[in-house]
Amino acid sequence: MTINIHSLPGPENIIRRQLDNGITVLIRTNPDSPSIYLNGFYNGGSIFDPAGQLGLADFTALALMRGSQQHNFQELYDLLETAGASLSFDAAVHNARFAGRALAEDLPLLLNLLAECLIQPAFPPEQLEILRAQLFTGLTMRNQDTGSMAALRFEELLYGSHPYSRPVEGHLETLPHIQRDDLIDFHQKYYGPRGMTIVIVGSIDPEAAFALVQQALGSWHNPAQIDMLEAATLPAFPAQTIRQHVELPGKSQCDLIIGWFGPMRNSPDYLPLSVGNNILGQFGMMGRIGSSVREKAGLAYYASTSLGASLMGGSWLVAAGVNPTNLERAIDLILVELERFTKETVSDEELNDSKANFTGRLPMAFESNAGVASGLWNIERYQLGLDYYQLYPQRIAAINAEQILETTRRYLDPQRLVIVDAGTNAGGMA
Amino acid sequence: MFQMTNLTETTLENGLTVFLKEIHTAPLISHWIWYRVGSRDEVPGKTGVSHWVEHMLFKGTPRFPSTDLDKMISRVGGSWNAYTYLDWTAFFEKLPADQIDLALDLESDRMQHCTFDPEEVESERTVIISEREGHENSPYFRLDEAMQQQSFDRHPYRNEVIGEKADLHTLTRDDLYNHYRTYYTPGNAVLAIAGDFDTQTMLAKIEKYYAKLPSGPQPPRPAQLEAPLTQERRVEVTGPEDTILLSLSYRAPDANQPDFFTLTILDSLLSGPSSLNMFGGGSISNKTSRLYRALVEQGLAVAASGGMRATTHPFLYDLNLVLPPGSDPEPALQAVDEQIQRLQNERVSQDDIQRALKQARALFAYGSENISNQGFWMGYANMFGKYDWFLNYVSELEKVTPEMILQAAQTWLNPARRVVGIYLPENGTGAA
């Protein structure tokens, strides 16, 4: 199987430029598509949330489209929906984000709406209360969802006092403490062009698209903008395994998470761990974990692993949904696999299979405009280099079994895990 | 053989219908095999059998044992999955273009040669029960299941595709195997392949892999059409959550009735545009829809949505609302009814229809960017109609007039034909 490297995003087909105000623009043309997809990120993530106002960054981002200085809520959405276009904002930990889609002819409309919501939101009080009711309901539902609550408790236990332990969407208790003035203040302090990136993919002439971005966002300045905090180091990992149960009444199934720290996204450990993670809980029918828990024991519909990596670190975890009566058996089976994964090198067959999988699926990831935009986002967010995807096959090819074992051992100690389950009387320790 | 630009349609001697579409924008091929079998073909006591059979196809054949199957796909960077629905079961592979023989070989083999090993049937039983228990954790599923059962008295559309839990405990290996042998035949299947290939070469490959399979008899269709409800039904489901949901299910036209398109436009105005695409293609928000304005902006609900599925027999048109914790569902229901009465009493404007059309065209364009969606549509449209259904979709929507919407609202949104479902906290209306 051969891959045409130049069909992948790379320096010769990505236009990357910076506006004078600091906004980075990445564009890739796809003449075969009648539409365009855009996404991007900017300063204003939940890392800035004050402790008593968790959810402030997300509330602010979600409120941007509730009305601007130019258009009220209904006018904004009338423009968008009449064009069959979409645009939305939300917050993540390190940044706030946006994404939108339109027919190519409507790119100017999309960029103008993006700019006016981002730069001149009105935060109309009556719309903020509608949004608050929506957030309140969402948090109520989250608090009674086994998967969400297992993840929430897991992150609290894993990250301790680090900002990664806090949910971007906040809590039912913090939501009432967020007022309109807080949103205005948050917007003034943190929103600005510095550190912002916008990615556009679709049937557009790059020069014309760049000019449109310049026109919409080029005049934005915020001298008061406060940039991201210094990187906080992750806390020390627990000296021994921590186990907790979150009780939620009336649930048929419990959600289980077993996890530990993951790498920073731009760490040299990331790719060997990714290949290792694939072998452990993704390849084929969810890797070794899926084979043990689902295929052989029939204990779960899903049992797989995921490797999360961000700017300051991440998490590496196993997640499974099991009947409460099978919980302990599932945990035991998973622990056996984790133990083995830190003791023995993976087999040549497993290694070669996963490497072939990573290389083979690369072109598939770029089938759609949204897929390409997601790749460009990663390149810019984690400073991976414009040639990242073109060099990817050879970097994957260079990974060996000893390297996976050595790297895994630096992250995974089966005696020091965070184990959380959420469900009904699941038998775990409360 | 029918050919237009890059599309080819043909039927093999054993009855297998084949659709091919050349698309050369990315070096990949999307392979789909669709079977006309789903929960519609199940009888009481055997619900969930179609979905379970789908799972068993991943347990392999003598030539492709289960231990190798996933690896073969993953090794080349491919992805695969399968879906079971009311009328159909579909299996797909997305592979690098030069690896397509793997999908052709594998799918043609497992159409008739799966072993259904008794031990694997048993281990899959607990996996499927676990899948169902995952669904049961969700208030949406519990309400949906109760409403579907109220919406039909006999028609198998009353059952969730995953099946009733009691049936999942009692279905046998032979139930599964008989269902498989009855419905997994070339004459009951549609093969749809889209992507980076040469049509003549692909036709030769299809002949090589699929033509040898015996056609098999016409499978039985036990489902009998059922008249719409004549009196509104109400169903209340309670649970431990503080969640309050309000849903309305109206008996809808099947995909081949002209009113299907009329209701599609009507729904776009009432609850917002929705897409039938399966793989991405994005969505358009519904903030200017009538229900959002009348309910969410007024504080009666926090979210509103609606939609219809394209089916062979008349299924349901659903409206779904999420209400704030602690609220009373009655005023929300009244507000929905006011909007429905408005559609029954006042003609919508031509501008409203034009707007819905532009939204439909945009969703169509977004979806067609994805090669897997193109393969999906060639098979999917054949499960309830012909591929023309897809090709003519936008032009059928263009025929809809304000008068047709008025008539459709009066006919299909008659309250006597609906089920109203409410999900409430066990302890009353919740503690807000």
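The buried residues of helix α4(B) are covered by elements of both chains, including α9, β9 and β10 of chain A together with α1 (49–56), α6 (165–170) and α7 (173–183) of chain B. The model is predicted. Helix α4 of chain B spans residues 118–136, and the elements α9, β9 and β10 of chain A that help to cover it are also among those that supply at least two residues each to the side of chain A that touches chain B.

**Helix α4 of chain B**

- The helix has 19 residues and reaches 27 Å from its first C-alpha to its last, close to the 27 Å expected at 1.5 Å a residue.
- Its buried residues include the nonpolar positions V121(B), V127(B), I128(B) and I129(B).
- Charged residues are also buried in α4(B), among them E120(B), E124(B), E131(B), R132(B) and E133(B).
- S130(B) and G134(B) complete the set of buried residues in this helix.

**Contact between chains A and B**

- The contact takes 53 residues from chain A and 56 residues from chain B.
- On the side of chain A, at least two residues each come from the helices α2 (73–82), α4 (125–142), α9 (283–296), α11 (348–361) and α12 (369–381).
- The strands β5 (96–103), β9 (300–309) and β10 (314–322) of chain A likewise supply at least two residues each.
- By class, this side of chain A has 25 polar, 19 nonpolar and 9 charged residues.

**Nonpolar core**

- The largest nonpolar core has 248 residues.
- The members that touch the most other members are L256(A) and A330(A) from chain A, with W34(B), A301(B) and L321(B) from chain B.
- Leaving aside residues up to four places away in sequence, A330(A) touches L256(A), V293(A), L299(A), A300(A), A320(A) and V322(A).

**Overall form of chain B**

- Chain B contains 16 helices and 12 strands.
- Its radius of gyration is 23 Å, which agrees with the value near 22 Å for a compact globule of 432 residues.
- Along the principal axes, the C-alpha atoms of chain B fill a box of roughly 60 × 50 × 40 Å.
- Of its 432 residues, 53% count as buried.
- Among contacts in chain B with a separation of 6 or more, 82% join residues 24 or more positions apart.

**Domains of chain B**

- Chain B is assigned domain 1 (2–210) and domain 2 (233–425), and 27 Å separate their centres, taken over C-alpha atoms.
- In the contact between these domains, 33 residues of domain 1 of chain B meet 28 residues of domain 2 of chain B.
- The side of domain 1 of chain B draws at least two residues each from β3 (17–22), β4 (28–35), β6 (89–96), α5 (139–151) and β7 (189–195).
- α5(B) provides the largest share of that side, 8 residues.
- By class, the same side of domain 1 of chain B has 20 nonpolar, 6 polar and 7 charged residues.

**Domains of chain A**

- Chain A is divided into domain 1 (9–217) and domain 2 (242–423), with C-alpha centres 28 Å apart.
- Their contact takes 32 residues from domain 1 of chain A and 33 residues from domain 2 of chain A.
- Two or more residues on the side of domain 1 of chain A come from each of β2 (24–29), β3 (35–42), α5 (146–159) and β6 (197–202).
- α5(A) gives the most to that side, with 9 residues.
- The residues of this side of domain 1 of chain A divide into 17 nonpolar, 12 polar and 3 charged.

Key: Residues are numbered from 1 along each chain as its sequence is written. Chains are lettered from A and ligands numbered from 1 in the order in which they are written. This is a predicted model: local features need pLDDT of at least 70, side-chain atom pairs count only at pLDDT 80 or more; totals for chains, interfaces and linings use all residues. Domain bounds come from an automatic or database domain assignment. Two residues are in contact if their C-beta atoms, placed from the backbone, lie within 7 Å. Helices (H or I, at least four residues) and strands (E, at least two) are DSSP runs, numbered from the N terminus. The radius of gyration is taken over C-alpha atoms; the globule rule is 2.2 Å times the number of residues to the power 0.38. A residue is buried if 20 or more other C-beta atoms lie within 10 Å of its own, exposed if 12 or fewer, and partly exposed in between; C-beta atoms are placed from the backbone. A nonpolar core is a set of buried Ala, Val, Leu, Ile, Met, Phe, Trp, Tyr and Cys residues joined through C-beta atoms within 7 Å. The expected span of a helix is 1.5 Å times one less than its number of residues.
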